[in-house]
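Okay, thanks for coming, everyone. I'll put the sequence and the structure up, and then we'll take a walk through them together.

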Amino acid sequence: SLAPAHPQAFAVLHAQAERAQDWVAAADLLTARAAAEVDVGERARRYHELGRLHADRRADLGLARSAWERALEVEPSFVPALDDLAELAYRQGDVATAAALYARLPVNASRMAAEAVMLRRAELAEAQGDDARALALAQGAVRLVPTFTGHATIARLAEKTGDTELAIRSL
């Protein structure tokens with residue numbers, strides 16, 4: 001019997017599970033392979049891959065979240081897991097968690113464009129009641145790439161914070 005923790009055995013068995021669309025077996029193999037990894041980056045990558053499998057193939061966001069959290073336990077700055085966990089928290093309405101994760105995510109490393117990450121951070125800051133910080137983040141987004149959405153966000157936040165002149169200039 002082949003041990004799934006062995007790299008070549010894993011590759012063969014994982015390919016078989018994927019061809020058969022046996023996502024439970026594929027998840028079990030990824031879990032075993034991740035646990036056997038000595039290299040921290042590779043272990044984090046395997047846990048991230050496991051999370052993607054749970055999210056995309058099994059539609060189990062709870063298991064996906066757990067796998068991505070394990071990736072971050074192994075390597076706290078592992079960008080793909082930060083990106084996926086931040087997006088998941090955002091979509092689930094977990095503002096505090098999403099804000100904390102997006103704050104850790106380098107703006108130019110996300111799947112989203114850098115200005116979109118800045119606008120997401122601005123949205124989350126506003127949701128947490130920090131309008132001044134939200135305005136500064138939106139201005140940072142517009143400095144990166146001047147978009148209509150960015151300018152409209154600045155105008156709305158400037159008006160909200162009482163800066164009518166900035167609101168008018170932003171439009």
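**A walk from the cavity outwards**

Let's begin inside: the largest cavity here has a volume of about 40 Å³. Before I go on, remember that this is a predicted model. A search of the whole structure finds one cavity of 30 Å³ or more.

So which residues line the largest cavity? Going through them, we have Ala 99, Tyr 102, Ala 103, Arg 121, Leu 124, Ala 125, Gln 128 and Arg 133. By type, that lining divides into five nonpolar residues, one polar and two charged. Two helices to look for are H6, residues 95-104, and H7, residues 114-127, as each of them supplies at least two residues of the lining.

Let's stay with H6 for a moment. Its buried residues are Ala 98, Ala 99, Leu 101 and Tyr 102. What sits over them? The cover includes H4, H5 and H7.

Now, keep an eye on Tyr 102, because we've met it in the cavity lining and again among the buried residues of H6, and the rule for "buried" is under 20% relative accessible area. If you leave aside its neighbours within four places in sequence, Tyr 102 is in contact with Ala 86, Glu 87, Tyr 90, Met 112, Val 117, Arg 120, Arg 121 and Leu 124.

Tyr 102 turns up once more in the largest nonpolar core, which has 33 residues. Which members of that core touch the most other members? They are Trp 68, Leu 72 and Tyr 102. And this core draws on a whole run of helices: H1, H2, H3, H4, H5, H6 and H7 each supply at least two of its residues. Apart from it lies another core, of 15 residues, and among those are Met 118, Leu 137, Ala 141 and Leu 166.

**Two helices, end to end**

Next, H5, which covers residues 79-91. It has 13 residues, and from its first C-alpha to its last it reaches 18 Å, close to the 18 Å expected at 1.5 Å a residue. Its buried residues are Ala 81, Leu 82, Asp 83, Asp 84, Leu 85, Ala 86, Glu 87, Leu 88 and Ala 89. Notice that Asp 83, Asp 84 and Glu 87 are in that buried list. H3, H4, H6 and H7 are included in what covers the buried residues of H5. Just after H5 comes Gly 93, with a positive phi of about 80°.

Then there's H8, residues 131-144. Its 14 residues should span 20 Å at 1.5 Å a residue, and its end C-alpha atoms are 20 Å apart, so the two agree. The buried residues in H8 are Asp 131, Ala 134, Leu 135, Leu 137, Ala 138, Gly 140, Ala 141 and Val 142. They pack against H7, H9 and H10.

H9 has a glycine worth finding on the screen: Gly 150. Is Gly 150 buried or exposed? It counts as buried, because its relative accessibility is 0%. Not counting residues up to four places away in sequence, Gly 150 touches Leu 119 and Val 142.

**Loops and a far end**

Let's swing over to the loops. Most residues other than glycine have a negative phi. Keep that in mind for the next two. Gln 21 isn't a glycine, yet it has a positive phi of about 55°. You'll find Gln 21 in the loop between H1 (7-19) and H2 (23-36), and it is exposed, because its relative accessible area is 57%.

Ala 59 also has a positive phi of about 55°, and it's not a glycine either. It sits in the loop between H3 (40-56) and H4 (61-74). With a relative accessible area of 65%, Ala 59 is exposed.

One of the residues that Ala 59 meets is His 54, which is found in H3. His 54 counts as buried because its relative accessibility is 6%. Besides Ala 59, and leaving aside neighbours within four places in sequence, His 54 is in contact with Ala 27, Asp 60, Leu 63 and Ala 64.

Last stop: Arg 169, in helix H10, residues 164-170. Arg 169 counts as exposed, because its relative accessibility is 56%. How many ångströms separate the C-alpha atoms of Arg 169 and Ala 11? The answer is 57 Å, and the two residues are 158 residues apart along the chain.

That's my tour, so over to you.

Methods:
Residues are numbered from 1 along each chain as its sequence is written. This is a predicted model: local features need pLDDT of at least 70, side-chain atom pairs count only at pLDDT 80 or more; totals for chains, interfaces and linings use all residues. Side-chain values use heavy atoms; hydrogens and water are left out. Helices (H or I, at least four residues) and strands (E, at least two) are DSSP runs, numbered from the N terminus. Buried means under 20% relative accessible area, exposed over 50%, partly exposed in between (1.4 Å probe, protein chains only). On a 1 Å grid over the protein atoms alone, a cavity is a set of points where a 1.4 Å probe fits but cannot get out, and a pocket is an open set with protein on both sides within 12 Å along at least five of seven lines; lining residues have an atom within 4 Å of a point. Grid points are joined across faces, edges and corners, and a volume is the space filled by probe spheres set on the points. Ala, Val, Leu, Ile, Met, Phe, Trp, Tyr, Cys and Pro count as nonpolar, Asp, Glu, Lys and Arg as charged, and the others, Gly among them, as polar. Contact means heavy atoms within 4.5 Å. A nonpolar core is a set of buried Ala, Val, Leu, Ile, Met, Phe, Trp, Tyr and Cys residues joined through side-chain atoms within 4.5 Å. The expected span of a helix is 1.5 Å times one less than its number of residues.
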